[in-house]
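Reader: Please take one part of this structure and walk me through it closely. I would like to know what surrounds it and what it pairs with.

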Amino acid sequence: MSNKVLKVQDLEVPKGCKKRGFLKISEKPAGPHQIPMTVINGSGDGPILVVNGGEHGSEYNGPAACLRLMAELDPKEISGQVIIVPMVNTLAFEARWMHGNPVDYRDLTGCYVSEIPRGGSGPPKISYQVATTFYKEVLSKGDYRLNLHGGDLEEDVLTSVMYSKTGTDAERDSANLALARDFGWEWIREGLPRPGSARSKRLPMPITVGTEAGGMGRCQSDMVDKVFKGVINAMRHLNMLEGMPEIPPTARVFNPYHLYAKRGGFFISNVRAGDLVSEGDLLGVIKNLFGETVEEIVVPTDGVIMMVTTPAIYEGDVVYEIGKDIREIS
């Protein structure tokens, strides 16, 4: 429930107010590292919602939707509190860097740990510093989180929302799927639990819905508008804004898996993100630079193309993400 004052580090926001400030991360050689944020303390009581973009700094439509949310959300109309961090990985954003960042090369999504690992004189730990500070000061306060991703510079992705099942907490899984459904998009990527994986050992997160929106380095107003409307739908679902979510009558849920290249070379795809495929379809080929086909990529089951990656392929790279076991929900 909303308190009279919402405090994030040294930014204090009274009830019914909206303020902007900076999340202070650490000190770099040339000065402080800090991340812009906007905090909204609604006039009514309700949950705390974290909305962030830019865990990967070259995925743009989610952060752009955050900029619009910061401008248009009115605390007088909100029941609850909203913390908006449009670009978590500012280092990657500035450098136009895929997935990780140019300082320590780590993927931020794998750095949510309880204690920053110690090391020798190797790369700095800045991704850990960002993730642990963002978690301690922002995510740990949230009841819900909207984590706005998209295809990175080399990825063509299916516009979809994402959530992950715990497999052990049926009530939480149901609430998570319901929030994903009311985001209002046709496709829902349902991550299945993998016992013993690194993901299962990370810090506990709020109930989270992610997005995949756009890709290949594009930021387009229609996709930004789609993400913005999805966030508004989610806030209506959570009774943070008046009104009912505007959603299609049905949605399609799928479970993801990846296809990996056995050979390196020049990857040419026959399909795009969103295409429906059938078992045995030839999805694409990998050629060497003499033009000879060194590998044909065949889909092993029916599904939908979730992601297509770069033509420059190393042996062992992901070439496709496929959605299988598609089911329709109302």
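Author: What follows is a close look at one strand and its neighbours, then at one helix pair. The model is predicted.

Start with strand 10, residues 187–191. It is mostly covered, with 5 of its 5 residues buried. In a regular strand, side chains alternate between the two faces of the sheet. Here both faces are covered. Trp187, Arg189 and Gly191 lie on one side, and Ile188 and Glu190 on the other. Each of these residues is buried, charged Arg189 and Glu190 included.

Now the pairing. Strand 9, residues 160–164, runs parallel to strand 10, and 4 bridges join them. Val161 has Ile188 of strand 10 as its bridge partner. Strand 12, residues 251–260, also pairs with strand 10 in the parallel sense, over 3 bridges. There, the bridge partner of Ile188 is Val253. Ile188 thus has a bridge partner in strand 12, Val253, and is itself the partner of Val161.

The connection comes next. Helix 4, residues 170–183, joins strand 9 and strand 10 in a right-handed β-α-β unit.

Last, the helix pair. Helix 1 (residues 61–72) packs against helix 5 (residues 221–237) at an angle of about 60 degrees. Their axes are 8 Å apart. An angle of about 60 degrees is neither under 35 nor within 65 to 115, so the two helices are oblique to each other. Their crossing is right-handed. On helix 1, the contact is made by Asn61, Gly62, Ala64, Ala65, Arg68, Leu69 and Glu72. Helix 5 contributes Met223, Val224, Asp225, Val227, Phe228, Val231 and Ile232.

Notes:
Residues numbered from 1 in each chain as written. Predicted model: local features only at pLDDT ≥ 70, side-chain atom pairs only at ≥ 80, totals over all residues. Heavy atoms only, no water. Buried < 20%, exposed > 50% of the residue type's maximum accessible area, 1.4 Å probe, protein only. Helix = DSSP H or I, 4+ residues; strand = E, 2+ residues; numbered from the N terminus. Pairing = 2+ DSSP bridges. Right-handed = clockwise from strand over helix to strand, strands pointing away. Axes fitted to C-alpha atoms, helices over the stretch in contact; angles between N-to-C directions. Parallel < 35°, antiparallel > 145°, perpendicular 65-115°, else oblique. Left-handed = near helix turned anticlockwise from the far one by under 90°. Contact = heavy atoms within 4.5 Å.
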